[in-house]
Amino acid sequence: MKNADIVSITIAFLSLVISILTAYFAYLKPSQGRMLVGRIFIIANTYLDTDVGREWGGLSFILPITFSNWSPKGSSIEEIKFLIERKENPTKCFDIAWSSFVKFLDGGSRWESDTMAHPLALQSQSSLTKFVRFDWSPLRGEKIEIREGSYTLRIYAWTKAQGKPQLREKIDFYLTKEDESLYQKSVINNQVLPIYVNLGQSKSPNQVTTRQESLSKYE
C-alpha cells in the first residue's frame, strides 16, 4: 500500500470519527441538568387556613433555584425536596417537599403564590429560575426550632420520576440572635416577618471596611 493511500485512509477515518462525535454531541448526548441554589434564603412564620380560622405556627421557606441544561436534549425537574437540621441536634431532620412557586412584589418586600409546585420542563441549552416555597404545616405537631445556631440545608431535585435524586447540594448557614428575635416577634404577634438568611459565602453582611481589609479577603 502506498503512502498516499495510507494518508487518504487515515484522513477518511478521522473524518468519520469527527462526524460521529459531532452527531453525538449535537443530537444524542444525554441531558445533563445542573442545579444552582441562590445564596439568599427566606424563613417566615406562617399560618394555615382551617375551618375555624387561621392556625399559626407553621413555617415557610423560600429558596431561589436555577436549573440549567446545556445539552442538546431536553430534560425536566420532577420534584424538589429539602432537609433542614440543627447541627446541635443532628438526630432530628425535617424532610420538606416543595409546595409552590412564588413571585415577589413591591421590589421584593413581599411575595405571593404564583402556581402550585409542578414538574418543570427544561428545554435544550436553556436555564430556568424559580423561587421555590417549602411549607411545614402547624398541624404537623413537631416544631422546627428557629433560634441562634448553626444549621445544615440539603436540597435534592429529581430529573427522573423514580430512584434517588440526581441533583443535590449541601449548604451550612447560621442564624443570628437578631434572626431569632425577629422570628419570636412574628410568633408572638401572629405576623409574617421574613428572615433573610445568607447562605454559604454570602454569610458576611454588607459593611464598610478599609481598602486593605477588603483586599486581604478577596485578593
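Let me start with a single residue, Thr-159, which has a relative accessible area of 19% and therefore counts as buried, the cut-off being under 20%. Please keep in mind throughout that this is a predicted model. Thr-159 sits in the loop that runs between β10, residues 149-158, and β11, residues 167-175. If we set aside its neighbours within four places in sequence, Thr-159 is in contact with Ser-75, Ser-76, Ile-77 and Glu-78, and also with Gln-166 and Leu-167.

From that loop I would like to step back into β10 itself, where eight of the ten residues are buried, so that the strand is mostly covered. Which strands pair with β10? On the one hand there is β5, residues 79-86, which pairs with β10 in the antiparallel sense over eight bridges, and within that pairing Glu-79 stands opposite Trp-158 of β10. On the other hand there is β11, which runs antiparallel to β10 and is joined to it by nine bridges, with Ile-155 standing opposite Glu-169 in β11.

If we now follow the chain past β11, we come to Thr-176, which is found in the loop between β11 and α2, the latter covering residues 177-188. Is Thr-176 buried or partly exposed? Its relative accessible area is 28%, and because buried means under 20% and exposed means over 50%, Thr-176 is classed as partly exposed. The side chain of Thr-176 makes a polar contact with the side chain of Glu-178, at 3.3 Å. As for its position relative to a residue further back in the chain, Thr-176 and Ile-146 are 30 residues apart in sequence, while their C-alpha atoms are 9.9 Å apart in space.

Let me turn next to the interior, beginning with Leu-63, which lies in strand β3, residues 53-69. Leu-63 has 0% relative accessibility and so counts as buried. What does Leu-63 contact, once neighbours within four places in sequence are left aside? Its partners include Val-37, Gly-38, Ile-40 and Phe-41, then Lys-130, Phe-131, Val-132 and Phe-134, and finally Leu-153, Ile-155 and Leu-199. For one of these partners, Val-37, we also have a backbone distance: the two C-alpha atoms are separated by 7.4 Å, although the residues are 26 apart along the chain.

That brings me to the nonpolar cores. The largest has 36 residues, and those with the most contacts inside it are Phe-41, Phe-61, Phe-67, Ile-80 and Ile-155. The largest share of this core, five residues, is contributed by β3. A second, separate core consists of five residues, among them Ile-42, Ala-44, Ile-62 and Val-102. To return to Ile-80 for a moment, and again not counting residues up to four places away in sequence, Ile-80 touches Ile-65 and Phe-67, Ala-97 and Trp-98, Val-132 and Phe-134, as well as Ile-155, Tyr-156 and Ala-157.

I will finish with the chain as a whole. The chain has three helices and twelve strands, and 33% of its 219 residues count as buried. Among contacts in the chain with a separation of 6 or more, 67% are accounted for by residues 24 or more positions apart. The chain exposes about 13,900 Å², of which carbon and sulfur atoms supply 53%.

Definitions and conventions: Residues are numbered from 1 along each chain as its sequence is written. This is a predicted model: local features need pLDDT of at least 70, side-chain atom pairs count only at pLDDT 80 or more; totals for chains, interfaces and linings use all residues. Side-chain values use heavy atoms; hydrogens and water are left out. Helices (H or I, at least four residues) and strands (E, at least two) are DSSP runs, numbered from the N terminus. Buried means under 20% relative accessible area, exposed over 50%, partly exposed in between (1.4 Å probe, protein chains only). Contact means heavy atoms within 4.5 Å. Accessible areas come from the Shrake-Rupley method with a 1.4 Å probe; for residues, only the protein chains shown count as cover. Two strands pair if DSSP finds at least two bridges between them. A polar contact is a pair of N or O atoms within 3.5 Å; within protein, one must be able to donate a hydrogen and the other to accept it, and residues adjacent in sequence count only if both atoms are side-chain atoms. A nonpolar core is a set of buried Ala, Val, Leu, Ile, Met, Phe, Trp, Tyr and Cys residues joined through side-chain atoms within 4.5 Å.
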